[in-house]
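This briefing goes through one protein model by topic. Please look at the sequence and coordinates first, then read the points below.

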Amino acid sequence: MLAIDFFIINKQFKKLLTSFFIFLLLVLKVEAQSNSDSAYAMPLKEVLAEVQQRYSITLRFDSSLIDGKILPYARWRYRADVEETLKNILAPFDLMARRDGTKRYKIGNYEYYRWQPQDGWAELDRIAAHYNNLEEWQHRKEKLKSCLLHALRLSKLPTYPLSKPIETPVRKYRGYTVSNIAIEILKGVWINGSIYRPDKIKGKVPVIMNPDGHWQDHRFRADCQLRCAAFAKMGAIAISYDLFGWGESELQFKYEDHRKALAQTIQILGAIRILDYLLSLKEADTSRVAITGGSGGGSHTILMTAIDDRIKVSAPVVSVSSYFYGGCPCESGMPIHLCEGGTNNVEIAAMAAPRPQLLISDGADWTDKMPEHDFPYLQKIYQWYDRKDHVENVHFPEGKHDFNIEKREAVYRFMAKHLGLNMNAILDRNGNIDESDITIEKKTDMYVFGEKGERLPAHAVMGFDNLRKVFEEAIK
């Protein structure tokens, strides 16, 4: 009987002891969450679950971004507005939430280059408050130009190898020719491209640079070949060229090297050297020099136009926005956007004024609101020069982020207008653009150094670390 009673008492004691420990853990948990001794800390995962329930929203995220993170002063960060709440919660971890539908948000890493439209517009308004007339703008423009070159580390250009460009034999097509070219921009470092020329050249002709964005196959793409060949048929010398770490540049450097900040400097240096070469040609008209590129090539277009007065006409395509600074280090890796208290791509585009400029935008990317706020700002700058008609915006609200035929047509007509090109050379009998007689070459036909780099010179620099050493030596 006593044994049975002891068993019952012991069992009850164990149950009571277990309950006590559970109570103690709960108390400690509440204490950890709800007083200042532990900074009101909570696991971020729990906070986000609570936020979803509290605001009736859905959050999507990769668990690797969230797991193990502890948020101090968790519930103190809540506000009436869900987006302000999410900003307060995620900012300490360099995370951010973007709207992904009705009451849906996707959490990802902080993106310095992507802002909300209203934030970008407010920043452009802040920037524009620096100047109220042409004289003040000119002063700002000169300081910006100097700062941009300094930020790129190109205030003093690196010493220039005096080697001759390497050019392949000419390939002849209907109304134009093509050859491939490599220009040594630093000792042992080349920028590679393809030059399209009119099949018959009389006197001086315009030149058009064609940097491109991060689309697959880059300068080997059909739409890039079509554009450059069309320019040549219209009477211009056109050149397309590789991004750093893309195309034939991958013979010397890795693809991932393109994601390093110095890529922006090397690309700009390459473009300057290309322009040096083009304008050294006896048939080149130095008064008719243009540049056009899409996406990241559009960022490249506005920056080159801002720093190099030799460029007289520009056409950035699906690129320029006050709330997008370029999503790749080749566009924003160097601190160009920190110049003169902060600038953005719209102000950099304004530095082209009063030179003719066409901006093409669409409804599927960060250029979707170009006509609403950014373009009127550019018109105001051009108006100060009495050249409001020199800046144009062609907007495709149903368009995509590409350089398709409708965007190419707008560029063709703009270039023909301002460079004196023969538009009829690419029109059919009904007045429509006709690219059907342009030959799309195989990628292997467009190499300078061979499919496997078998013709790469022996002194070629290999690897990013060696490139950095060569660059540092060249700018001493």
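Is T265 buried or exposed? T265 is buried, because its relative accessible area is 0% and the cut-off for that class is under 20%. The model is predicted, and the protein chain has an average pLDDT of 92, with 93% of the residues scoring at least 70.

**Confidence**

- Over residues 1-9 the pLDDT stays under 50, and the model has zero contacts beyond four places in sequence for this stretch.
- Residues 19-33 also have a pLDDT that stays under 50, but here the model has eleven contacts beyond four places in sequence.
- Where pLDDT is low, predicted coordinates should not be read in detail.

**Nonpolar cores**

- The largest nonpolar core has 76 residues, and the members that touch the most other members are L148, M209, L278, M304, Y377 and L467.
- Helix α7, spanning residues 262-280, gives the most to this core, namely twelve residues.
- Another core, of 39 residues, lies apart from the largest one; C224, L226, A229 and F403 are among its residues.
- With neighbours within four places in sequence left aside, L467 is in contact with L186, V189, F244, F253, I266 and V461.
- In soluble globular proteins, nonpolar side chains tend to be buried together.

**T265 in helix α7**

- T265 has its place in helix α7, the helix that gives the most residues to the largest core.
- Not counting residues up to four places away in sequence, T265 touches L152, L154, M334 and F471.

**Packing of α5 against α8**

- Helix α5 covers residues 134-151 and helix α8 covers residues 296-307; their axes come within 9 Å and cross at roughly 115°.
- The crossing in which α5 passes α8 is left-handed.
- On the α5 side the residues that meet α8 are K145, L148 and L149, and on the α8 side they are L303, A306 and I307.
- By class, the contact of α5 with α8 consists of five nonpolar residues, no polar residues and one charged residue.
- The charged one is K145, because Lys counts as charged and K145 is among the residues that meet there.
- L148 in α5 takes part in this contact and is also one of the residues that touch the most other members of the largest core.

**Buried residues in β9 and α6**

- I195 is found in strand β9, residues 189-198.
- I195 counts as buried, because its relative accessibility is 0%.
- Leaving aside neighbours within four places in sequence, the contacts of I195 are T177, V178, S179, I181, I237, A238, I239 and Y277.
- From I195 to L243 there are 48 residues in sequence and 16 Å in space, C-alpha to C-alpha.
- F231 has its place in helix α6, residues 222-234.
- F231 is likewise buried, with a relative accessible area of 0%.
- Outside its neighbours within four places in sequence, F231 is in contact with I208, N210, A236, A238, T292, V411, Y412 and M415.
- A238 is in contact with I195 and also with F231.
- F231 and D62 are 169 residues apart along the chain, and their C-alpha atoms are separated by 46 Å.

**An exposed lysine in α12**

- K417 is found in helix α12, residues 405-419.
- K417 is exposed because its relative accessible area is 56%, and the class begins over 50%.
- The C-alpha atoms of K417 and S299 are separated by 23 Å, with the two residues 118 apart along the chain.

**Backbone geometry in loops**

- The peptide bond from A353 to P354 is cis, with omega near 5°.
- P354 is found in the loop between α10 (345-350) and β14 (357-362).
- R153 is not a glycine, yet its phi is positive at about 65°.
- R153 has its place in the loop between α5 and β6 (166-167), and counts as partly exposed at 33% relative accessibility.
- D386, also a residue other than glycine, has a positive phi near 60°.
- The loop between α11 (370-384) and β15 (391-396) holds D386, which is exposed with a relative accessible area of 58%.

Terms used:
Residues are numbered from 1 along each chain as its sequence is written. This is a predicted model: local features need pLDDT of at least 70, side-chain atom pairs count only at pLDDT 80 or more; totals for chains, interfaces and linings use all residues. Side-chain values use heavy atoms; hydrogens and water are left out. A nonpolar core is a set of buried Ala, Val, Leu, Ile, Met, Phe, Trp, Tyr and Cys residues joined through side-chain atoms within 4.5 Å. Buried means under 20% relative accessible area, exposed over 50%, partly exposed in between (1.4 Å probe, protein chains only). Helices (H or I, at least four residues) and strands (E, at least two) are DSSP runs, numbered from the N terminus. Contact means heavy atoms within 4.5 Å. Axes are lines fitted to C-alpha atoms, for helices over the stretch in contact, and angles run from 0 to 180 degrees between N-to-C directions. A crossing is left-handed if the near helix is turned anticlockwise from the far one by less than a right angle, and right-handed if clockwise. pLDDT is the predictor's confidence in each residue, from 0 to 100.
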